[in-house]
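Dear colleague,

I am passing on the structure we talked about, and below it you will find my notes on what came out of the analysis. Please read them alongside the model.

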Amino acid sequence: MNSDKKREKHRASILYVEDEAITRLTVQKLLQARYTTIYQAGDGREGLELYKLHHPDVVITDTRMPLMDGIHMSKAIREMDPDIPIIFITAHEDAAFVEETKKLNVTRNIIKPIILRDLFSVLENVLGFSDSSRKCTGA
C-alpha cells in the first residue's frame, strides 16, 4: 500500500558544503531523498569549484572549514550571483558573524545540531515548494 507511494522529488539542485564527513554524507542522503541533484564538497574551495561548474539553485554551507571557510566561499559566489539563496549551518554565532552574514545577504543561519524539519522548511520556502504554495489556503 504505502510502500508503492514514494515521495516525489522536487526538481532542484543543491550544493552542500560541510567538512565533517559523517555529517556531510548523512545530510546528503536525506537531501537526495527529496531533491533531484545534490553536489557535495568538503571545504569552501571545493564548494566554489562545484558552484562554478554546476550553478546550483541553493547553497548550504558550514561556516568554519579548512582551506576556505563558508564566509569566503559565499563572498566569491555572491560576486558571481548576488541572488542565489545561501543557507549557513554553524555551531558558532557571535555578533561579528551575524553582521558578516547580513552583509552577505545570507538567506538563513541554522545553528547546529541541524534540525532537519527546519532545514527542509527553509529549502522548501526558498525553492518555492512550501506547503502553503501547494495548499489553497489563501495565506
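A residue is called buried here if its relative accessible area is under 20%. Please bear in mind that this is a predicted model. By that cut-off Asp62, which lies in strand β3, counts as buried, because its relative accessibility is 5%. The side chain of Asp62 nevertheless has a polar partner, since a contact of 3.3 Å joins the side chains of Asp62 and Lys112. Setting aside neighbours within four places in sequence, Asp62 also touches other residues, among them Val17, Glu18, Asp19, Gly70, Ile89 and Thr90.

Thr61, also found in strand β3 (residues 58–62), is buried as well, with a relative accessible area of 1%. With neighbours within four places in sequence again left out, the contacts of Thr61 are Val17, Gly70, Met73, Ser74, Ile86, Ile87, Phe88 and Ile89.

As for the sheet, it is open and has five strands in the order β2-β1-β3-β4-β5, with parallel pairing. Because β2 (35–41) and β5 stand at the edges with a single partner strand each, one side of each has no neighbour in the sheet. Neighbouring strands are turned against each other by 20° on average, if direction is ignored. Within this arrangement, β1 and β3 are paired in the parallel sense over four bridges, and Tyr16 has Ile60 in β3 as its bridge partner. Four bridges likewise join β4 (residues 86–90) to β5 (residues 108–111), and these strands run parallel, with Phe88 standing opposite Asn109 in β5. Between β4 and β5 the chain passes through helix α4 (residues 95–103), in a β-α-β crossover that is right-handed.

Turning to the helices, α2 lies across β1, β2 and β3 and runs at about 140° to β2, while α5 (residues 116–127) lies across β1, β2, β3, β4 and β5 and runs at about 150° to β3. In helix α3 (residues 70–80), the residues Gly70, Ile71, Met73, Ser74, Ile77 and Arg78 are buried. These residues are on the same side of α3, because they cover an arc of only 160° around the axis. The elements that cover them include β1 (10–17), α2 (44–54), β3, β4 and α4. At the N-terminal end, α3 is capped by Asp69, which has a side-chain oxygen 3.2 Å from the backbone nitrogen of Ile71.

With best regards

Conventions
Residues numbered from 1 in each chain as written. Predicted model: local features only at pLDDT ≥ 70, side-chain atom pairs only at ≥ 80, totals over all residues. Heavy atoms only, no water. Pairing = 2+ DSSP bridges. Helix = DSSP H or I, 4+ residues; strand = E, 2+ residues; numbered from the N terminus. Right-handed = clockwise from strand over helix to strand, strands pointing away. Buried < 20%, exposed > 50% of the residue type's maximum accessible area, 1.4 Å probe, protein only. Contact = heavy atoms within 4.5 Å. Polar contact = N/O pair within 3.5 Å; in protein donor to acceptor, adjacent residues only side chain to side chain. Arc of directions from axis to C-beta. Axes fitted to C-alpha atoms, helices over the stretch in contact; angles between N-to-C directions.
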